[in-house]
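Subject: Handover of a structure

Hello,

Here is the structure for your next round of work. Please open it first, then read my notes below.

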Amino acid sequence: MDFLPQYALLNSRELKKTGKIILFSENESLMAVPDRKEDPLSYLLDRTDSLTRGDNSLYLIGTIREGDREREIYALSLSPGSELPSSWTWVSFSEYFRSLDYKQQFPLSRAKQILNWNRTHRFCGSCGTPTEPQKNEPCRKCPACSEMYYPRFSPAVIVRITRGNQILLAHNVRFTENLYSNIAGFVEAGETLEEAVRREIREEVSLEVENIRYFDSQQWPMPHSLMLAFTADCPRGNPVPDGVEIEDARWFTPDNLPHLPPPGSIARRMIDDHLNSILSVKSSIK
Ligand SMILES: [Zn+2]
């Protein structure tokens with residue numbers, strides 16, 4: 001399955017019969033899924049006339065290609081009290097998103113961010129005039145002062161800190177009990193990514209790192225973060241948690257790991273990558 005992002009503001013008559021819809025609650029905190037979820041892409045709802053009637057804003061967010069079949073994918077948020085098709089139910093978006101892999105997350109991430117951006121940019125931040133959505137471009141223009149608003153991302157860094165076989169993991173005050181993960185935080189205005197990595201680690205656990213390398217990235221639509229993942233070495237020192245964001249931070253070895261982040265997160269992917277690299281070194285020594 002390949003997903004190609006596209007954009008158009010549509011009315012219900014423009015929907016293709018073969019198209020599918022991703023359905024959200026009004027503030028995008030909930031999404032609709034069928035009661036039975038065997039298919040990973042089962043959150044795609046067949047276009048149904050009863051839902052798309054009325055003056056709801058519908059967005060084309062892309063096309064899914066499976067073999068030589070193409071399907072347009074639309075995003076729609078329903079007003080409170082709207083009835084879902086029978087055997088469909090509302091679930092927490094962030095929980096559901098975390099249960100999927102990257103390919104399944106991509107259309108969902110885009111749908112959520114397009115809806116969120118349109119909902120939160122209805123007025124010009126500069127002069128307060130209602131903005132005008134454009135038909136075929138993800139842009140909302142202010143008719144009074146010509147300010148233009150595009151979907152925004154908030155870049156955040158996440159860094160895997162290691163020392164040989166050991167990995168540094170921290171418990172954030174917002175985490176569920178016993179969950180430990182990598183150090184992460186938003187990039188400050190004016191800062192480079194590497195500076196953000198160094199600053200977050202200094203602030204949260206009072207350590208210095210070297211050899212900062214790019215790992216990978218992940219869109220994290222809660223509501224619009226772009227996670228930029230790095231790895232770094234920390235040759236000396238023990239973590240001192242800041243006591244504000246970080247309650248506890250420790251060096252862990254592969255045989256003594258805490259409760260880890262869910263598989264759908266880049267945090268977990270980085271941790272698994274570290275564990276796999278230790279395993280492959282061990283097996284090559286044998
Ligand atoms: Zn304006």
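What volume does the largest pocket have? About 870 Å³. Keep in mind that this is a predicted model.

**The pocket**

The lining of the largest pocket comprises 32 residues. Nearest the centre of the pocket lie Arg98, Arg174, Phe175, Trp220 and Met227. By class, the lining splits into 17 nonpolar, 10 polar and 5 charged residues.

Several elements contribute at least two lining residues each. The strands among them are β11 (154-163), β12 (166-172), β13 (183-186), β14 (210-220) and β15 (225-233). The helices are α4 (193-205) and α5 (266-285). Which element gives the most to the lining? That is β13, with 4 residues.

In general, rolling a probe the size of a water molecule over the atoms shows where empty space is left.

**The zinc site**

Four sulfur donors hold the zinc ion: the SG atoms of Cys124, Cys127, Cys142 and Cys145. Their distances run from 2.3 to 2.4 Å. Along the chain, the donors follow the spacing C-x2-C-x14-C-x2-C. Cys127 sits in the loop between α3 (102-120) and β8 (132-133), and Cys142 in the loop between β9 (140-141) and β10 (148-149), so this pair ties together parts that are 15 residues apart in sequence.

Why is the arrangement tetrahedral? The 4 donor atoms subtend angles of 101 to 119° around the zinc ion, and the tetrahedral class asks for all angles between 85 and 135 degrees. For reference, the ideal angle for four tetrahedral donors is 109.5 degrees.

Are these two donors buried or exposed? Cys142 has a relative accessibility of 3%, so Cys142 counts as buried, the cut-off being under 20%. Cys127 is partly exposed, with a relative accessible area of 40%.

**Other cysteine notes**

Cys234 is buried, at 1% relative accessible area. How many disulfides are there? The count comes to 0. A pair of cysteine sulfur atoms would have to lie within 2.5 Å to be counted.

**One loop residue**

Where does Asn238 lie? In the loop between β15 and β16 (246-252). Asn238 has 56% relative accessibility, so Asn238 counts as exposed, the threshold being over 50%. Its C-alpha atom is 9.4 Å from that of Leu168. Along the chain, Asn238 and Leu168 are 70 residues apart.

Best regards

Technical notes: Residues are numbered from 1 along each chain as its sequence is written. This is a predicted model: local features need pLDDT of at least 70, side-chain atom pairs count only at pLDDT 80 or more; totals for chains, interfaces and linings use all residues. Side-chain values use heavy atoms; hydrogens and water are left out. Buried means under 20% relative accessible area, exposed over 50%, partly exposed in between (1.4 Å probe, protein chains only). On a 1 Å grid over the protein atoms alone, a cavity is a set of points where a 1.4 Å probe fits but cannot get out, and a pocket is an open set with protein on both sides within 12 Å along at least five of seven lines; lining residues have an atom within 4 Å of a point. Grid points are joined across faces, edges and corners, and a volume is the space filled by probe spheres set on the points. Ala, Val, Leu, Ile, Met, Phe, Trp, Tyr, Cys and Pro count as nonpolar, Asp, Glu, Lys and Arg as charged, and the others, Gly among them, as polar. Donors are N, O and S atoms within 2.8 Å of the metal (3.2 Å for Na, K and Ca); water is not among the atoms, so sites may look incomplete. Four donors count as tetrahedral if all angles lie between 85 and 135 degrees; four count as square planar and six as octahedral if opposite donors are over 155 degrees apart and all others between 65 and 115; anything else is irregular.
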